[in-house]
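Visitor: I'd like a close look at just one part of this protein, please. Could you take me through it slowly, as I'm new to this?

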Amino acid sequence: MNDTQRQQIKEFRGKGYGYGRIAQILSLSENTIKTYCRRHGLGGVVANPAPINGEVHHCLWCGKEVVQPGGRKEKKFCSDKCRNKWWNSNLDKVNRKANYEFICPHCKKLFSAYGNKNRKYCSHACYIEDRFGGAE
Ligand SMILES: [Zn+2]
Ligand SMILES: [Zn+2]
């Protein structure tokens, strides 16, 4: 085994390749690879195998890495548990309706209506007066 091969073994292990696959690529015996890796702290399960598909995002709740399946909708949470916790603590944000601002055509006052973009008058009184013309 030469230096280049040692370097390559380290690289391949970093990518999460198994001993057998590395042995094949470098035309060495699997045992040689295995022994070498164990002696140099490259054995066992590789701590950080690179994701095969696309990017890694972080769980919005716990910050754990979430590997994106790619081609599908973005996964924001590592688990359903985290998703539920996040939704429960963000209900007000999720449910917040827009605040619409209007100018009342009758009294010309600026007012805002919560979650209702079809409001026209600031009050029922203005609506009546504008519609039926100040019933004296
Ligand atoms: Zn999580
Ligand atoms: Zn008004």
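Visitor: Let's zoom in on Gly-20: does Gly-20 count as buried or exposed, and why?

Guide: Happy to, and keep in mind that what you see is a predicted model. Gly-20 counts as exposed, because it has 11 C-beta neighbours inside 10 Å, and a residue with 12 or fewer falls in that class.

Now for where Gly-20 sits. Its place is in helix α2, which covers residues 19–26. To see how that helix fits in, step back to the whole chain for a second. There are six helices and four strands in the protein chain, and from the N terminus on they run α-α-α-β-β-α-α-β-β-α. Of the 136 residues in the chain, 8% are buried.

Back to α2 and its partner, helix α3, which spans residues 30–39. Here's a handy rule for this part: two packed helices are described by the angle between their axes and the distance between the axes. For α2 and α3, the axes come within 8 Å and cross at roughly 120 degrees. That angle is why α2 is called oblique to α3. The crossing of α2 past α3 is right-handed.

Which residues do the meeting? On the α2 side you'll find Tyr-19, Gly-20, Ile-22 and Ala-23, and on the α3 side Glu-30, Ile-33, Lys-34 and Cys-37. Sort the residues of this contact by class and you get five nonpolar, one polar and two charged. So our Gly-20 is part of this contact, since it is among the α2 residues that meet α3, even though it counts as exposed because of its 11 neighbours. You can also follow Gly-20 across to Asn-31: the two are eleven residues apart along the chain, and their C-alpha atoms are separated by 8.8 Å.

Between the two helices there's a loop, and Ser-27 is found in it. Most residues other than glycine have a negative phi. Ser-27 goes the other way, with a positive phi near 50 degrees. Ser-27 also counts as exposed, because it has 7 C-beta neighbours inside 10 Å. If you want another residue like that, look at Lys-108, which is in the loop between β3 and β4. Its phi is positive too, near 60 degrees, and Lys-108 counts as exposed because it has 9 C-beta neighbours inside 10 Å.

Last stop: what lies on the buried side of things? In soluble globular proteins, nonpolar side chains tend to be buried together. In this model, the largest nonpolar core has six residues, namely Ile-9, Phe-12, Tyr-19, Ile-22, Ile-33 and Tyr-36. Helices α1, α2 and α3 each supply at least two residues of this core. Look back at the helix contact and you'll recognise some of these names: Tyr-19 and Ile-22 from α2 meet α3, and Ile-33 is one of the α3 residues on the other side. Phe-12 links in as well: leaving aside its neighbours within four places in sequence, Phe-12 is in contact with Tyr-17 and Ile-22.

So here's the picture to keep: Gly-20 is exposed because of its 11 C-beta neighbours, while Tyr-19 and Ile-22, from the same stretch where α2 meets α3, belong to the largest nonpolar core.

Key:
Residues numbered from 1 in each chain as written. Chains lettered and ligands numbered in written order. Predicted model: local features only at pLDDT ≥ 70, side-chain atom pairs only at ≥ 80, totals over all residues. Axes fitted to C-alpha atoms, helices over the stretch in contact; angles between N-to-C directions. Parallel < 35°, antiparallel > 145°, perpendicular 65-115°, else oblique. Left-handed = near helix turned anticlockwise from the far one by under 90°. Contact = placed C-beta atoms within 7 Å. Nonpolar A, V, L, I, M, F, W, Y, C, P; charged D, E, K, R; others polar. Buried ≥ 20, exposed ≤ 12 C-beta atoms within 10 Å, placed from the backbone. Core = buried A, V, L, I, M, F, W, Y, C linked by C-beta atoms within 7 Å.
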